[in-house]
Amino acid sequence: MAQFALTSAQIEDLKQLLQDRKRLLKVTLNAELHVEDPTHASITARSDADWTTADVDADTLIANAERHSVALLDITAALEKVSDGCYGVCEACGEAIGYARLLAYPSARRCLACQRSAETRSGMKSGS
Ligand SMILES: [Zn+2]
């Protein structure tokens, strides 16, 4: 059984944080998925260069929406863990993730060490 480093007050704080972020993400996603960009309305009258820009913008928008969807799923999963009583435990090694890391990344699934080795393995740099 994993050792819990979080107090119930800390879990309550993080739960609040997760719920706030979830609300915010839902609003953001809603805006992204139902965007009515005024520049797109007039884009048909523009040059090819502007079309390229519009494509990039759409890609960025989709990428953002995808990223936010994943974040929303992560947060939902984290909130489920809170109710299951297993929140704050690293999925990889079973150690406590730590309050400081969870404050920065409330939906973190892994401790910093496991996150780093996972990112090194996949060759990904999150940049955060
Ligand atoms: Zn770990």
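Arg101 counts as partly exposed, because it has 17 C-beta neighbours inside 10 Å, while a buried residue needs 20 or more. Keep in mind that this is a predicted model. You'll find Arg101 in helix H4, which covers residues 99–104. Leaving aside residues up to four places away in sequence, Arg101 touches Ala108 and Leu112. Cys111 is 10 residues from Arg101 in sequence, and the two C-alpha atoms are 7.8 Å apart in space.

Now step along to Leu102. Which residues does Leu102 touch, not counting residues up to four places away in sequence? They are Leu14, Gly88, Ile97 and Ala108. Leu102 also belongs to the largest nonpolar core, a set of 11 residues. Its other members include Leu14, Ile97, Ala108 and Cys111, and you can also pick out Leu18, Ile75, Ala78, Tyr87, Val89 and Cys90. Helix H1 (8–33) and helix H3 (48–84) are the elements that give two or more residues to this core. As a general rule, nonpolar side chains in soluble globular proteins tend to be buried together.

Let's zoom out to the whole chain. How many helices and strands does the chain have? There are five helices and zero strands, so the pattern along the sequence reads α-α-α-α-α. The chain has 128 residues, and 12% of them count as buried. Take the contacts with a separation of 6 or more: 64% of them come from residues 24 or more positions apart.

Back to the two helices that feed the core, this time looking at one residue in each. Thr28 lies in helix H1. Is Thr28 buried or partly exposed? Thr28 is partly exposed, because 16 other C-beta atoms lie within 10 Å, and being buried takes 20 or more. Asn64 sits in helix H3. Asn64 is partly exposed too, since it has 13 other C-beta atoms within 10 Å, and exposed would mean 12 or fewer.

Both Thr28 and Asn64 have a partner some way off along the sequence. Here are those pairs together with the Arg101 one, with distances taken C-alpha to C-alpha:

| Pair | Apart in sequence | Apart in space |
|---|---|---|
| Thr28 and His68 | 40 residues | 8.0 Å |
| Asn64 and Glu32 | 32 residues | 8.0 Å |
| Arg101 and Cys111 | 10 residues | 7.8 Å |

Try finding Thr28 and His68 in the structure: they are 40 residues apart in sequence, yet 8.0 Å apart in space.

Technical notes. Residues are numbered from 1 along each chain as its sequence is written. This is a predicted model: local features need pLDDT of at least 70, side-chain atom pairs count only at pLDDT 80 or more; totals for chains, interfaces and linings use all residues. A nonpolar core is a set of buried Ala, Val, Leu, Ile, Met, Phe, Trp, Tyr and Cys residues joined through C-beta atoms within 7 Å. Helices (H or I, at least four residues) and strands (E, at least two) are DSSP runs, numbered from the N terminus. Two residues are in contact if their C-beta atoms, placed from the backbone, lie within 7 Å.
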